[in-house]
Amino acid sequence: MPKLNENYLNVQDSYLFAEIARRVRTYEEKHPDKAASVIRLGIGDVTRPLTAGAVASLHEAVEMQADPETFKGYGPEQGYAFARNAVAEYYGRNGVKVDPDDVFISDGAKSDTGNITELFSKDNVILVPDPVYPVYVDTNTMDGKQIAYMNGTEKNDFLPMPDNSVKADIIYLCSPNNPTGACYNREQLQVWVDYALENEAVILFDSAYEAFVSQPELPRSIYEAEGAEKCAIEFCSLSKTAGFTGTRFSYTVVPKELVFTASNGQIMSLRDMWNRRQSTKFNGTPYIIQYAAAAVLSEEGMKECMENISYYMENARMIAETLRRKGISFTGGVNSPYIWFKCPNGMESWEFFDYLLENAQVVGTPGAGFGVNGKNYFRLTSFGTHENTKKAMERFEKLL
């Protein structure tokens, strides 16, 4: 009989979004006459199609794969040089210097934020915010690591700061934050970097929503903080930036400066370890996807992406205006596609989820799925169409 990884017993039976899908499916089966009117503003999936530049590049890459002279088989596990250079150039246009050799191309930030745990021993203390993107918690729970929480609340604008009473080895930060939409400023990020350097900790920084930051004084990368290259790994994705949720492209930056001393005194490089891990367990992102992503990351490609992002942020404005009219406090919606608000009438989040679905046929995400501090909060996304977002807010306003 095999010995199983019993840490899986400590993970919730159902992933948050799987439970949402189950409840919506049950409702639609019970009310087939209302199934067509359900509006989904829960899961953060996009609705706008790929940009013209991305589509043209995909077609071009497919044609290249049909020609023996330009056909590509197995590519480098780290990503093609042109894609890694495109990422570095994108950072450069935003005022951040990144070495292309430190860039690793992958198929999703979710994959990499989960897989990165393999580089660290089970003896580490993992510090995560609450509310938190569930993947950070679940992947470390599956691995049997010790998890400590830092509270994100209305009092700190859902932006927890270091607490010297907690000695953390690995720190997860996400800004703009999922689910709260809150965004750290430069001074706050610098405090986190200083804390990590002082405590010899590593920050795992999820910047998947950096392209939504509209206020220029706010940072879009952890590497805008001095010394971050010595203590931080950054994850980013084109899923929301360019609508690649079904196309799959991400990048992880592991600076060569990230080195630590092993128990035997040997110096170990996290960049080299990640390279070894990827080379062993990953065969690379498809050539045609990397080719299209490089086009997206160009100056012209990002202009097209910003048109879609502006579309989504108009939805965020509609949601925010509705909440203001109803006197409901919220965060997000300015530098983030997410709007996080307190459930009305003292409801708990799953109770409000069912209430909103039953009475308005609108689907959101219960805050309880993101942690204890989300128990009385709710998340809506701006990734719907203008038409559906407007309808959803009309129903919301009448209901409350």
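K110 is found in helix 4, in a model that is predicted. With a relative accessibility of 43%, K110 counts as partly exposed. K110 is also among the positions that UniProt lists under "binding site", in an unreviewed entry. The chain around K110 has 400 residues, 52% of which count as buried, and its secondary structure comes to 11 helices and 15 strands.

**Overall build**

- The radius of gyration of the chain is 21 Å, close to the 21 Å given by the globule rule for 400 residues, so the chain is as compact as a globular protein of that length.
- The C-alpha trace spans about 60 × 55 × 55 Å along its principal axes.
- Of the contacts in the chain with a separation of 6 or more, 73% are between residues 24 or more positions apart.
- About 18100 Å² of the chain is exposed, and carbon and sulfur atoms supply 49% of that area.
- The chain has 39 positive and 53 negative charges, and the mean positions of these two sets are 5 Å apart.

**Positions listed as "binding site"**

- The unreviewed UniProt entry lists Y15, G44, K110, Y133, N178, N283 and R379 under this heading.
- These positions span 365 residues in sequence, and their farthest two C-alpha atoms are 35.6 Å apart, so they do not all gather at one spot.
- K110 is in contact with Y15, Y133 and V135, leaving aside its neighbours within four places in sequence; Y15 and Y133 are themselves on the UniProt list.
- N178 is found in the loop between strand 5 and helix 6.
- At 4% relative accessibility, N178 counts as buried, because the cut-off for that class is under 20%.
- Beyond its neighbours within four places in sequence, N178 is in contact with V132, Y133, Y209, Y338, F370 and R379. Of these partners, Y133 and R379 appear in the "binding site" annotation.

**The annotated lysine, K240**

- K240 carries the UniProt annotation "modified residue: N6-(pyridoxal phosphate)lysine", which comes from an unreviewed entry.
- The position of K240 is in the loop between strand 7 (232-237) and strand 8 (250-253).
- K240 has 14% relative accessibility and counts as buried.
- Setting aside neighbours within four places in sequence, the contacts of K240 are G44, V46, Y209, F212, T245, Y338 and F383.
- G44, one of these contacts, is also on the "binding site" list.
- Y209 and Y338 are in contact with K240, and both are in contact with N178 as well.

**Helix 4 and A109**

- Helix 4 covers residues 109-115 and includes A109.
- A109 counts as buried at 10% relative accessibility, whereas K110 in helix 4 counts as partly exposed.
- Apart from neighbours within four places in sequence, A109 is in contact with F235, C236, S237 and S250.
- Strand 7 runs over 232-237 and strand 8 over 250-253, and the A109 contacts include S237 and S250.
- A109 and M318 lie 209 residues apart in sequence, with their C-alpha atoms 29 Å apart in space.

**Cis peptide bonds**

- The peptide bond from D130 to P131 is cis, and its omega is near 10°.
- P131 is in the loop between strand 3 (125-130) and helix 5 (134-142).
- S175 and P176 are also joined by a cis peptide bond, with omega about -5°.
- P176 is in the loop between strand 5 (170-174) and helix 6 (186-199), and N178 is likewise in the loop between strand 5 and helix 6.

**Positive phi outside glycine**

- E200 has a phi near 55°, a positive value in a residue other than glycine.
- The loop between helix 6 and strand 6 (202-206) holds E200, and with 64% relative accessibility E200 counts as exposed.
- R248 also has a positive phi without being glycine, with a value near 70°.
- R248 is in the loop between strand 7 and strand 8, where K240 is found too.
- At 31% relative accessibility, R248 counts as partly exposed, whereas K240 counts as buried.

Methods: Residues numbered from 1 in each chain as written. Predicted model: local features only at pLDDT ≥ 70, side-chain atom pairs only at ≥ 80, totals over all residues. Heavy atoms only, no water. Helix = DSSP H or I, 4+ residues; strand = E, 2+ residues; numbered from the N terminus. Rg over C-alpha atoms; globule rule 2.2 N^0.38 Å. Buried < 20%, exposed > 50% of the residue type's maximum accessible area, 1.4 Å probe, protein only. Contact = heavy atoms within 4.5 Å. Areas by Shrake-Rupley, 256 points an atom, 1.4 Å probe, with all protein chains shown as cover. Lys, Arg positive; Asp, Glu negative; His and termini not counted. Charge placed at Lys NZ, Arg CZ, Asp CG, Glu CD. UniProt positions renumbered as here; feature names shortened; annotations may be inferred.
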